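Reader: I have a model open in front of me and would like to work through it by asking about one part at a time. Please reason each answer out before giving the value or name.

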Amino acid sequence: MFNELNQILRVFKRNKLAVVAFFIAVLLVILAVIGPFIAPYDPVEINLSARFEPGFWGGNTENLLGTDNLGRDIFSRILHGTGISLKVGYAVIAITAVVGLFIGLVSGYFGGVVDIVIMRFIDILLAFPPLLLALVIAATLGTGIEKAMLAIAIIYIPSLARIVRGSVFTVKEMPYVEASRAMGAGNTWIIIGHVLPNVLTPVIVYLTLLLGDAILYTAALGFLGVGIDPTTPEWGAMLSSGKDFLILGKWWITLFPGMMIFLAVLSFNLFGDGLREAVDSKLRMN
Amino acid sequence: MALYRYFLKRLALTIPTLLGVSIIVFLLIHMIPGDPIDIMLGDRVTEAARLALEERLGLNEPLHIQYWQWFTSALHGDFGISIRSNQPVMEEILTRLPATIELTVVALLIAVFFGIYFGVSAARYRNTLIDQSLIGFSLLGVSIPIFWLGMMLIYLFAVMLGWLPVSGRLSMGVAIPTYTGLYLIDSLIAGQIGSFIDSVRHLLMPAVSLATVSLALVVRVTRSSMLDVLSEDYIRTARAKGVQERKVVYTHALKNAMIPVATVIGLQLAKLMGGAILTETVFSWPGIGRLLVSAINVRDYPVVQGVVFFVAFAFIAINIIVDLIYAYLDPRIRYE
């Protein structure tokens with residue numbers, strides 16, 4: 001196990017872009033944790049006497065990135081937003097992992113009618129364009145970050161369940177599973193002890209590649225104002241509130257939150273790509 | 001297997017999916033918090049009026065009967081009446097559909113045409129500055145939030161430079177007779193060159209921002225597929241025979257590099273349909289994406305239900321067509 005990790009790490013380190021992306025991603029995680037403590041202002045505090053203040057480019061040292069249409073400090077909102085986006089991203093991963101693994105394991109291991117019913121249902125979910133599905137589910141569940149997490153996770157659960165099911169089909173025919181069953185092991189024991197550990201690699205790769213995408217969908221829901229309260233300092237919601245003021249030349253309300261979304265998605269995607277490459281090369285070597 | 005038998009098999013598999021999609025859409029919309037009667041009549045309403053409306057809308061029936069009534073009418077193209085506008089939902093969809101089709105098709109054409117061209121160029125000039133900048137572009141392009149890109153384009157080209165209009169499909173005072181609803185085509189049929197240019201100017205930024213992610217992916221896949229093909233023996237043979245380099249690249253190599261590219265292009269349709277919801281919101285583009293978002297915001301349930309089912313239906317139909325095209329391009333698929 002340790003040897004394998006070393007091997008993956010060696011290949012990963014050769015990809016300079018992925019390494020840089022990894023450090024930016026770590027930086028974002030740190031920012032998400034300490035952001036609320038270093039933010040100079042309350043992110044939702046309205047100050048109508050300080051609307052549309054330009055930031056450092058206008059010599060403003062109090063609001064580095066300026067203020068928005070309600071006089072809220074954009075820098076503070078972005079710092080708080082980092083936590084929100086990352087929290088949603090990781091929660092989506094966790095929900096997708098738990099539910100997707102469970103469905104995939106059950107469907108693949110037991111097969112038969114259970115498998116047919118589950119797979120039909122998954123086909124139905126995959127028949128929707130992903131954003132449309134998230135949008136309708138978010139609308140149904142109502143407003144709230146936790147509900148948005150669920151709405152976005154539903155985009156990925158079907159694909160992950162399919163991946164897991166495919167791997168389970170191969171693993172359950174392996175001699176060690178036979179052996180364990182011959183020794184009298186029950187289904188739960190076999191699934192958790194033998195099948196699960198051997199299907200984890202593709203799952204981890206899928207989940208790493210999903211983070212950037214999930215952050216993008218979160219911002220999209222925030223931007224459309226569905227499922228996420230428009231006053232929260234979520235990056236997409238910030239873009240939405242700045243949209244109407246672009247024609248008045250107030251570019252900073254939309255520029256900075258958008259750059260953060262871009263940076264986060266880009267770094268998580270590049271990191272995920274690098275990791276997948278490294279894991280793939282290890283699999284090929286075996 | 002003959003192509004038409006493959007088609008029939010594919011079509012038969014669609015029926016349960018379609019039924020499932022309709023049930024999910026119906027149930028989800030019914031679970032949305034809030035009573036549709038309250039929205040239609042306000043809260044100051046007599047019990048008699050409430051019951052009368054419930055009866056008229058069939059809301060007093062059991063859920064499975066309501067579903068069946070809705071589904072059978074939907075199959076006839078009847079999605080009910082919009083709460084907000086009092087118009088038939090189908091009419092609301094059909095008046096906005098051409099705008100969405102125009103936007104997505106033009107975006108797809110941009111992604112395919114420029115994507116293949118850039119991808120081929122990158123492979124042809126491998127490891128040069130051209131290649132590296134195209135790789136850089138495709139890395140950035142797949143991660144960019146298109147709604148933000150759209151807004152930045154608006155600021156740059158509409159607000160700062162004033163070259164392009166901020167939003168909408170046409171300038172005030174420009175009218176185009178309706179034949180297809182696609183302004184690019186209608187204006188040409190009517191011989192109105194001025195209107196044609198006006199609609200191109202409105203379409204440019206939305207289509208480019210919608211196309212970006214797909215364009216970047218097509219560049220990436222075309223490049224790697226071309227690199228594989230260009231190292232094949234028959235390419236060397238063609239060059240050795242003295243075939244012109246342009247011809248080697250665009251006919252010998254590209255034709256064989258197309259199968260992975262076609263797969264990626266097929267997958268882009270879902271992305272573009274989702275992306276259209278965002279792009280239409282950014283550019284106030286009067287399509288069905290914007291209809292859906294505004295219907296969600298004012299809780300116009302019949303419209304939400306109708307649009308979601310319509311789009312899912314269209315998506316399933318498009319996927320069948322894409323599969324048929326693959327089966328035609330690559331006969332091996334039919335035998336799987």
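Reader: In what order do the elements of chain A run from the N terminus on?
Author: This is a predicted model, so what follows describes computed features. Chain A has ten helices and zero strands. Read from the N terminus on, the elements of chain A therefore run α-α-α-α-α-α-α-α-α-α.

Reader: What share of the contacts in chain A between residues at least 6 apart in sequence joins residues at least 24 apart?
Author: The C-alpha atoms of chain A fill a box of roughly 75 × 45 × 30 Å along the principal axes, and buried residues make up 48% of its 286 residues. Among contacts between residues at least 6 apart in sequence, the share that joins residues at least 24 apart is 70%.

Reader: Is α9(A) largely enclosed or largely open?
Author: A residue counts as buried if 20 or more other C-beta atoms lie within 10 Å of its own. The residues of α9(A) that are buried include A:Trp235, A:Met238 and A:Leu239. Because eight of the nine residues of α9(A) are buried, this helix is, with respect to the rest of the structure, largely enclosed.

Reader: How many nonpolar residues are on the side of chain A that touches chain B?
Author: In the contact between the chains, 35 residues of chain A meet 36 residues of chain B. Helices α4 (112-126), α5 (130-141), α8 (187-224), α9 (235-243) and α10 (252-285) of chain A each supply at least two residues of that side of chain A. By class, this side has three charged residues, eight polar residues and, as the number asked for, 24 nonpolar residues.

Reader: Is B:Leu28 buried, partly exposed or exposed?
Author: B:Leu28 lies in helix α1 (residues 3-31) of chain B, and across the chains it touches A:Val136, A:Ile137 and A:Thr140. Its C-alpha atom is separated by 8.8 Å from that of B:Gln305, 277 residues apart along the chain. A buried residue needs 20 or more C-beta neighbours within 10 Å; because B:Leu28 has 18 inside 10 Å, it counts as partly exposed.

Reader: Which helix gives the most to the largest nonpolar core?
Author: In soluble globular proteins, nonpolar side chains tend to be buried together. The largest nonpolar core here has 164 residues, and those that touch the most other members include A:Ala138, A:Ala220 and B:Val304. With 16 residues, the helix that gives the most to this core is α8(A).

Conventions: Residues are numbered from 1 along each chain as its sequence is written. Chains are lettered from A and ligands numbered from 1 in the order in which they are written. This is a predicted model: local features need pLDDT of at least 70, side-chain atom pairs count only at pLDDT 80 or more; totals for chains, interfaces and linings use all residues. Two residues are in contact if their C-beta atoms, placed from the backbone, lie within 7 Å. Helices (H or I, at least four residues) and strands (E, at least two) are DSSP runs, numbered from the N terminus. Ala, Val, Leu, Ile, Met, Phe, Trp, Tyr, Cys and Pro count as nonpolar, Asp, Glu, Lys and Arg as charged, and the others, Gly among them, as polar. A residue is buried if 20 or more other C-beta atoms lie within 10 Å of its own, exposed if 12 or fewer, and partly exposed in between; C-beta atoms are placed from the backbone. A nonpolar core is a set of buried Ala, Val, Leu, Ile, Met, Phe, Trp, Tyr and Cys residues joined through C-beta atoms within 7 Å. Lists of a residue's contacts leave out its neighbours within four places in sequence.
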